[in-house]
Amino acid sequence: MSKRAVDMTFQAIYTLTDIRILLRETAPSHEFDIHQEAQAVRLLENLERQVQSLKQEILK
Amino acid sequence: MKCASGIEARQVDELFINIDPIQAGGRLTAEAMKAVIAYGDGYSVCDNCRKPNRLDYIAKPPIAEFHKDVAKWLNMDAVRTVPGARRGFQAVAQTYVKKGDPVLVTSLSHYTEFLAIEEAGGIAREIPANDQKLITPDAAAAKIEAVKRELGKAPVLAFIDHVDYQYGNLHDFAAIAKVAHQYDIPVVYNGAYTVGILPVDGKALGADFVVGSGHKSMAAPAPSGILAVTAEREKEVFRTTAIVGDVTNRKFGIKEPEMMGCTLMGVTLVGMMASFPHVRQRTKHFDRELANHAVVMDALLSIEGTKCLSEFPRKHTMTRVDTIASFDRIAESHKKRGYFLQSALEERGVTGVIPGATKVWKFNTYGTTHKQALHLAKAFVEIARENGLAVKG
């Protein structure tokens with residue numbers, strides 16, 4: 001375990017929080033406009049990277 | 001989905017447009033949600049508490065700086081955080097009101113102002129609202145004179161809500177404070193529905209004290225709020241302790257009795273701090289909020305029989321409407337009775353109207369996007385049409 005693992009855990013939660021806000025801003029339909037869609041893609045890519053880094057840290 | 005044993009994960013604002021009148025301004029920002037995750041533990045802000053061991057002196061996280069920033073933002077001289085606006089009222093009442101003292105409130109005042117007066121032993125006297133449900137400076141002057149005649153002395157304090165919780169009406173606080181000051185009555189500005197929602201300049205308004213609610217209007221967790229004071233009042237309300245233990249001879253440094261020492265020691269304070277940059281900015285764009293509110297009001301008022309009980313045009317996003325001659329007519333014969341409106345709204349992804357309410361009810365559109373405001377407007381009109389009510393336009 002490392003500080004990096006802790007940081008990645010928080011980063012991933014924060015990215016999920018940003019996704020949560022996106023869901024709030026688009027409730028109830030959750031239909032994204034072009035900007036929100038781009039934001040969602042970026043957040044999900046970040047989340048995948050963060051989870052991947054977390055896997056490397058925790059399972060090494 | 002549960003977040004703990006027996007506790008449902010609350011997903012109201014993710015699944016619905018929430019127009020609950022008291023919840024709109026307290027929804028957390030992303031920053032506050034993140035801070036809440038990091039600072040959820042009990043005394044989490046106390047890691048770096050150093051002498052003189054008081055909350056508003058802590059530099060990391062930047063609590064001391066936050067206090068200064070909030071004072072500057074409100075154009076007041078000193079600020080403390082409090083567990084809700086009511087604790088701000090309480091601190092001021094405990095300082096200035098003695099047994100039998102008259103205190104001014106209004107006929108639209110929040111109950112916690114009454115309780116603060118009661119606890120201090122004071123006598124509440126209400127300035128009546130006029131037919132438009134507005135508190136006027138003339139009515140304030142008349143009430144002060146009436147109190148003098150009745151009790152032989154002028155009120156020692158006045159609590160005036162800039163925007164009241166019943167109608168969401170904007171009252172002429174500055175003019176009322178000017179009248180009160182002519183009788184040397186210090187005035188509490190109740191900003192539960194304004195601080196964090198629209199621009200507030202305490203000194204320009206003539207406030208001796210500004211009280212704000214974190215969970216109602218500053219995108220912060222409950223219970224949180226602020227009490228801001230002028231330099232003249234700082235040493236009175238925020239006086240420091242003088243008590244000494246007779247056995248131990250202990251003293252308690254610069255702790256403040258009205259604050260009961262430290263106030264918000266964790267997630268409430270950090271949540272309010274984290275939202276503050278966003279909150280400060282959003283108050284500059286209240287016109288956008290009013291524009292979104294107008295979209296919804298136009299739709300509601302296009303429904304035959306619907307009336308706005310609040311002042312109109314609207315100056316705030318919380319509004320009281322009368323639908324006795326519209327939605328309540330449907331409720332009389334609908335199989336769901338009074339619950340049909342809530343049910344029909346929830347089918348359309350809208351929540352926050354009191355279940356069963358079809359006569360007189362309040363809603364608040366603060367924080368909705370324009371697209372969500374259009375959705376709300378459409379939802380009300382659709383429900384009206386589907387149930388045979390006439391809609392103009």
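Biologist: How many residues does each chain bring to the contact between chain A and chain B?
Modeller: In this predicted model, chain A gives 12 residues and chain B gives 12 residues. On the side of chain A that touches chain B, 7 residues are nonpolar, 1 is polar and 4 are charged.

Biologist: Why is helix α3(B) called oblique to helix α11(B)?
Modeller: Helix α3 (residues 63-73) of chain B packs on helix α11 (residues 267-282) of chain B at an angle of about 40°, and their axes are 11 Å apart. Angles under 35 degrees would count as roughly parallel, and 65 to 115 as roughly perpendicular. An angle of about 40° fits neither range, so α3(B) is oblique to α11(B).

Biologist: Which hand does the crossing of α3(B) and α11(B) have?
Modeller: The crossing is left-handed.

Biologist: Which residues make the contact between these two helices?
Modeller: From α3(B) come Ile63(B), Phe66(B), Asp69(B) and Trp73(B), and from α11(B) come Leu269(B), Met273(B), Phe276(B) and Arg280(B). By class, this contact has 6 nonpolar residues, no polar ones and 2 charged ones.

Biologist: Where is Ile243(B)?
Modeller: Ile243(B) sits in the loop that links α10 (231-237) to α11 in chain B.

Biologist: How do you know whether Ile243(B) is buried or exposed?
Modeller: Ile243(B) has 9 other C-beta atoms within 10 Å. A residue with 12 or fewer counts as exposed, so Ile243(B) is exposed.

Biologist: What separates Ile243(B) from Leu389(B)?
Modeller: Along the chain they are 146 residues apart, and their C-alpha atoms are separated by 67 Å.

Key
Residues numbered from 1 in each chain as written. Chains lettered and ligands numbered in written order. Predicted model: local features only at pLDDT ≥ 70, side-chain atom pairs only at ≥ 80, totals over all residues. Contact = placed C-beta atoms within 7 Å. Nonpolar A, V, L, I, M, F, W, Y, C, P; charged D, E, K, R; others polar. Axes fitted to C-alpha atoms, helices over the stretch in contact; angles between N-to-C directions. Helix = DSSP H or I, 4+ residues; strand = E, 2+ residues; numbered from the N terminus. Parallel < 35°, antiparallel > 145°, perpendicular 65-115°, else oblique. Left-handed = near helix turned anticlockwise from the far one by under 90°. Buried ≥ 20, exposed ≤ 12 C-beta atoms within 10 Å, placed from the backbone.
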